[in-house]
Amino acid sequence: MSFLSTVSLIIAITLSFNMLGSVFEPVRFWSRVLVFIVTLSFCASYGVVTSIILSLLGKRSLCQWVAGRAFSTVAGPLLGLKFEVENEDTLKNTRPAILVANHQTELDVLILGRLFPRHCSVTAKSSLKYVPFLGWFMLFSGTVFVDRGNRGKAIKALDGAIADMKKAQQSVFIFPEGTRSYSTTPNLLPFKRGAFHLALQSGFPIIPVVVGNYSHLYSPKNRRFESGAFKIKVLDKIDMTGRSAEDLDELIANTRSEMLKVLKEISPAVPAVADVDDENTQLLSAENSVVGDTASSLKRTSTDTDASAVLGNTAVTTPGDQSKVFELQ
């Protein structure tokens with residue numbers, strides 16, 4: 001079987017699974033994961049080729065923008081995902097800069113593809129360079145790899161990033177939480193210092209980017225992968241003029257506080273589906289409240305009153321039942 005035939009077969013199978021997933025809920029999660037992985041692999045392969053060509057043309061700083069846009073343009077429609085970005089001009093008009101964003105799940109790579117401005121690269125843990133397709137692309141496209149287990153190497157990598165940023169007027173994209181949070185509520189993990197050290201040492205501004213919580217769209221723990229829109233807000237840049245290393249802790253605290261505030265503002269007020277295992281305390285508290293209110297109501301009604309009339313739209317769930325949520329009216 002020729003290479004093109006193999007590619008065509010893979011695409012046909014992937015699209016068939018995606019169509020089945022749109023009809024049959026049990027296979028929806030895995031069908032969309034398959035579409036995501038296959039599309040990412042092909043776009044990463046495309047990125048390797050374009051990175052080599054662009055590097056030869058002296059345009060290496062465009063590599064990740066080209067591949068990222070290809071990925072978001074192809075995968076977004078296939079998965080039924082849209083991007084609502086507010087204040088995006090700040091990303092386009094500020095260069096170089098340190099872009100920092102909250103890190104939720106593996107799906108953030110798709111959001112990166114849509115957000116990436118020209119002349120920007122990511123920082124990533126060094127182990128990612130060994131991942132097939134994606135790692136190859138990252139190697140060729142100028143990713144800043146950081147060895148988290150070796151502070152000396154990490155500092156050296158960031159020093160090299162500053163030199164490249166100044167030489168090529170190139171920005172970098174960093175997740176200051178350092179790892180995926182998988183949070184089902186609008187929240188942030190503690191920020192690590194790397195991005196802020198980089199900003200203070202280079203003098204380049206920080207641009208915070210906040211992605212609303214999207215656990216109602218994607219949650220690997222609950223096998224959920226739905227269509228919908230990502231709400232994203234780019235905040236005003238934070239100037240480093242007049243700041244020193246002594247301002248590091250205050251800079252981190254203020255940036256995180258502002259990002260958390262915006263995260264809560266743009267995230268869904270009530271998640272479409274609650275993750276019961278992660279919120280047992282809240283659910284049990286709510287359940288006790290419902291039971292208490294229901295008992296009081298039943299006492300005030302006659303014995304032949306239909307209990308459903310008293311409960312209305314209130315659905316009571318137990319910690320072991322992840323298919324229901326409270327819909328308190």
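A residue counts as buried when its relative accessible area is under 20%. In this predicted model, 45% of the 329 residues of the protein meet that criterion.

**Overall architecture**

The secondary structure consists of eleven helices and nine strands. Among contacts between residues at least 6 apart in sequence, 76% join residues at least 24 apart. The accessible surface amounts to about 17,500 Å², and carbon and sulfur atoms account for 57% of this area.

**Nonpolar cores**

The largest nonpolar core holds 42 residues, of which Phe173 and Phe230 touch the most other members. Helix α2 (residues 25-56) supplies the largest share of this core, namely eight residues. A second, separate core comprises 28 residues, including Met165, Phe196, Ile238 and Met259.

The surroundings of Phe230 can be described in detail. Leaving aside residues up to four places away in sequence, Phe230 touches Leu81, Lys82, Phe83, Glu84, Leu107, Ile111, Tyr214 and Leu217.

The two cores are set side by side below.

| Core | Number of residues | Residues named |
|---|---|---|
| Largest nonpolar core | 42 residues | Phe173 and Phe230, which touch the most other members |
| Second, separate core | 28 residues | Met165, Phe196, Ile238 and Met259, among them |

**Cavities and helix α5**

Rolling a probe the size of a water molecule over the atoms shows where empty space is left. In the whole structure, three cavities of 30 Å³ or more are found, and the largest has a volume of about 50 Å³. Its lining is formed by Ala101, Asn102, Asp108, Ile111, Leu112, Leu115, Phe173, Phe175 and Val211. By class, seven of these residues are nonpolar, one is polar and one is charged. Phe173 thus appears both in this lining and among the residues that touch the most other members of the largest core. Ile111, another lining residue, is also touched by Phe230.

Helix α5 (residues 108-115) gives the most to the lining of the largest cavity, with four residues. Six of the eight residues of α5 are buried, so this helix is largely enclosed by the rest of the structure. The buried residues are Asp108, Leu110, Ile111, Leu112, Gly113 and Leu115.

**An exposed loop residue**

Ala245 lies in the loop between β9 (228-234) and α9 (248-266). Its relative accessibility is 63%, and Ala245 therefore counts as exposed. The C-alpha atom of Ala245 is separated by 7.7 Å from that of His197, although the two residues are 48 residues apart along the chain.

Definitions and conventions. Residues numbered from 1 in each chain as written. Predicted model: local features only at pLDDT ≥ 70, side-chain atom pairs only at ≥ 80, totals over all residues. Heavy atoms only, no water. Helix = DSSP H or I, 4+ residues; strand = E, 2+ residues; numbered from the N terminus. Buried < 20%, exposed > 50% of the residue type's maximum accessible area, 1.4 Å probe, protein only. Contact = heavy atoms within 4.5 Å. Areas by Shrake-Rupley, 256 points an atom, 1.4 Å probe, with all protein chains shown as cover. Core = buried A, V, L, I, M, F, W, Y, C linked by side-chain atoms within 4.5 Å. 1 Å grid on protein atoms, 1.4 Å probe; cavity = no way out; pocket = protein on both sides within 12 Å on 5 of 7 lines; lining within 4 Å. Points joined across faces, edges and corners; volume = space filled by probe spheres on them. Nonpolar A, V, L, I, M, F, W, Y, C, P; charged D, E, K, R; others polar.
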